[in-house]
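Biologist: Hey, got a minute to walk me through this one? I'd like to start with one helix and then wander around.

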Amino acid sequence: MGIDGTAVDALGEERLDWRFKAIPVWAHGMTVAEARRARLPLDDFGTPLLTLDAGALDHNVRTMAEWAAAAGLDLAPHGKTTMAPALWRTQLDAGAWGITLANLPQLRVARAFGVRRVVLANTLLDPAGLAWLAAELELNPGFEFLCWVDSVRAVELMDEALRLARGQRPVDVCVELGGPNGRTGVRDDGDAREVAAAVRGARTLRLAGIAGYEGALARDASEEGRGTVDAYLRRLANLHGGLDYEVGEPVVSAGGSSFFDQVAEVLGGLAGRVVLRSGAYIVHDDGFYRGISPFARGTGGAGSRLRSAMHGWARVVSRPEPALAILDAGRRDLPFDAGLPGPQFVRGRGAGPVEGARITALNDQHAYLVDGSAEVGDVVRLGLSHPCTALDKWTLIPVVDDAAAESPAVVDYVRTWF
């Protein structure tokens with residue numbers, strides 16, 4: 001197993017209390033395991049609230065695992081989406097090769113739960129963090145770690161810190177290739193080869209692959225956007241073929257949740273291990289990813305379409321104007337950076353839509369619902385966009401059996417560490 005199952009199971013013994021804003025006061029003192037067995041009705045939970053849907057989570061994990069296996073890709077899902085070891089275990093149990101993370105605090109969470117193989121999709125330069133990593137690698141022979149570098153200077157700084165730490169195991173690194181107007185990553189192929197040569201010359205590092213992130217180069221699936229992604233991935237493939245690695249099976253890694261079909265098309269079949277790092281797929285959404293996911297564009301067939309597993313629940317607390325209702329959920333509770341929440345239905349009235357309604361703005365603790373029929377006291381289910389900025393607002397997230405049911409039951413609780 002790629003994670004310490006005993007540590008994950010121990011989360012069931014945590015006591016419910018005031019730390020968890022989703023939990024009704026009368027349930028304080030119960031353990032998570034006791035609450036799970038009780039199958040508390042969602043109606044007992046206050047608002048604002050974020051929930052996950054058990055069936056959608058299961059469907060999404062299976063769908064992506066099956067697609068990656070059929071495409072011949074290894075999957076190291078980006079754990080920053082959920083920062084939930086219980087969900088990481090679900091992904092690893094479904095065949096994931098490892099877990100991807102973005103920074104040192106996230107890496108420490110993963111190691112606290114015994115995640116055995118971590119891809120850090122970033123450059124680690126903090127001397128104290130590198131000293132900790134060197135000790136972690138030394139103490140845990142089964143721990144596998146891989147991170148990025150995109151400059152000779154970064155190689156020098158890592159090498160210096162690791163020498164001071166007297167680490168005995170070399171740290172595996174990938175040269176990160178970027179693109180114009182992108183994020184990190186070497187822009188020029190010649191510079192990338194220089195970085196690779198610097199890694200080979202550093203005693204504390206080992207050149208183990210090449211990596212990048214195409215999602216920073218195109219924000220839509222237009223012909224132009226997909227063309228940009230395709231050109232970038234071909235650069236990555238060509239550079240991979242010209243590097244002299246220090247491991248027997250080098251890693252070639254790319255792939256967020258928007259263009260993994262192109263990653264399979266261009267990188268699939270290359271020598272080494274092709275690792276896909278998609279993360280948002282497990283939760284998916286009713287916004288940005290619903291529109292850009294390759295499955296929404298027909299990849300994998302009609303049965304492969306992902307389902308949104310996250311929903312917001314907010315109560316109408318005021319109708320100060322005829323066409324305006326104010327809900328009790330805002331920016332502190334729900335994501336808003338990739339699209340505002342969308343009203344879907346009023347709980348208890350069936351799953352019919354809130355006709356003509358829309359959210360026009362969010363304050364810290366309130367949402368503005370216009371042209372809707374919801375009355376004061378009604379609870380509205382909201383579709384959300386961008387799981388990476390949804391789960392971070394909740395430390396314990398109820399999981400319901402069916403978010404579309406007349407009376408959903410809470411069947412599990414997901415603990416997060418952001």
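**Starting at α7**

Modeller: Sure. In α7, the buried residues are Ala154, Val155, Met158, Asp159, Ala161 and Leu162. Keep in mind that this is a predicted model.

Biologist: Why would buried positions in a helix be spaced like that?

Modeller: An α-helix has 3.6 residues a turn, so residues three or four places apart point the same way.

Biologist: OK, and what covers the buried residues of α7?

Modeller: The cover includes helices α6 (127-139) and α8 (189-200), plus strands β5 (144-149), β6 (171-176) and β7 (205-211).

Biologist: What should the 14 residues of α7 span, and what do the end C-alpha atoms say?

Modeller: At 1.5 Å a residue, helix α7 (residues 152-165) should span 20 Å, and its end C-alpha atoms are 20 Å apart, so the two agree.

Biologist: What comes just after α7?

Modeller: Arg166, with a positive phi of about 60°. Arg166 is a residue other than glycine, and it sits in the loop between α7 and β6.

Biologist: Is Arg166 buried or exposed?

Modeller: Arg166 counts as exposed, because its relative accessibility is 69% and the cut-off for exposed is over 50%.

Biologist: Any other non-glycine with a positive phi?

Modeller: Met83 has one, about 45°. Met83 lies in the loop between β2 (74-75) and α4 (85-93). Met83 is buried, with a relative accessible area of 1%.

Biologist: Switching helices. How many residues of α10 are buried?

Modeller: 7 of the 8 residues in α10 (residues 260-267), so that helix is mostly covered. The buried ones are Phe260, Asp261, Gln262, Val263, Ala264, Val266 and Leu267.

Biologist: And what covers the buried residues of α10?

Modeller: Among the covering elements are helices α3 (54-71) and α9 (223-241), along with strands β8 (251-254) and β9. After α10 comes Gly269, with a positive phi near 95°.

Biologist: Where is Gly287?

Modeller: Gly287 is in the loop between β9 (273-276) and α11 (288-292). Gly287 is partly exposed, at 23% relative accessible area.

Biologist: What is Gly287 in contact with, leaving aside its neighbours within four places in sequence?

Modeller: Leu384 and Ser385. There's also His386: Gly287 and His386 are 99 residues apart in sequence, yet their C-alpha atoms are 7.0 Å apart in space.

Biologist: New topic: which residues does a cis peptide bond join?

Modeller: Thr47 and Pro48, with omega about 0°. Pro48 is in the loop between α2 (32-38) and β1 (49-53).

Biologist: Let's zoom out. How many helices and strands does the chain have?

Modeller: There are 11 helices and 17 strands. The chain is as compact as a globular protein of its length, because its radius of gyration is 23 Å, close to the 22 Å that the globule rule gives for 418 residues. Along the principal axes, the C-alpha trace spans about 70 × 50 × 35 Å.

Biologist: What share of the residues count as buried?

Modeller: 56% of the 418. On contacts: taking pairs of residues at least 6 apart in sequence, 69% of the contacts join residues at least 24 apart.

Biologist: And what about the surface and the charges?

Modeller: The chain exposes about 16700 Å², with carbon and sulfur atoms supplying 48% of that. As for charges, there are 43 positive and 53 negative side chains, and the centres of the two sets are 2 Å apart.

Note on methods. Residues numbered from 1 in each chain as written. Predicted model: local features only at pLDDT ≥ 70, side-chain atom pairs only at ≥ 80, totals over all residues. Heavy atoms only, no water. Helix = DSSP H or I, 4+ residues; strand = E, 2+ residues; numbered from the N terminus. Rg over C-alpha atoms; globule rule 2.2 N^0.38 Å. Buried < 20%, exposed > 50% of the residue type's maximum accessible area, 1.4 Å probe, protein only. Contact = heavy atoms within 4.5 Å. Areas by Shrake-Rupley, 256 points an atom, 1.4 Å probe, with all protein chains shown as cover. Lys, Arg positive; Asp, Glu negative; His and termini not counted. Charge placed at Lys NZ, Arg CZ, Asp CG, Glu CD. Expected span 1.5 Å × (residues − 1).
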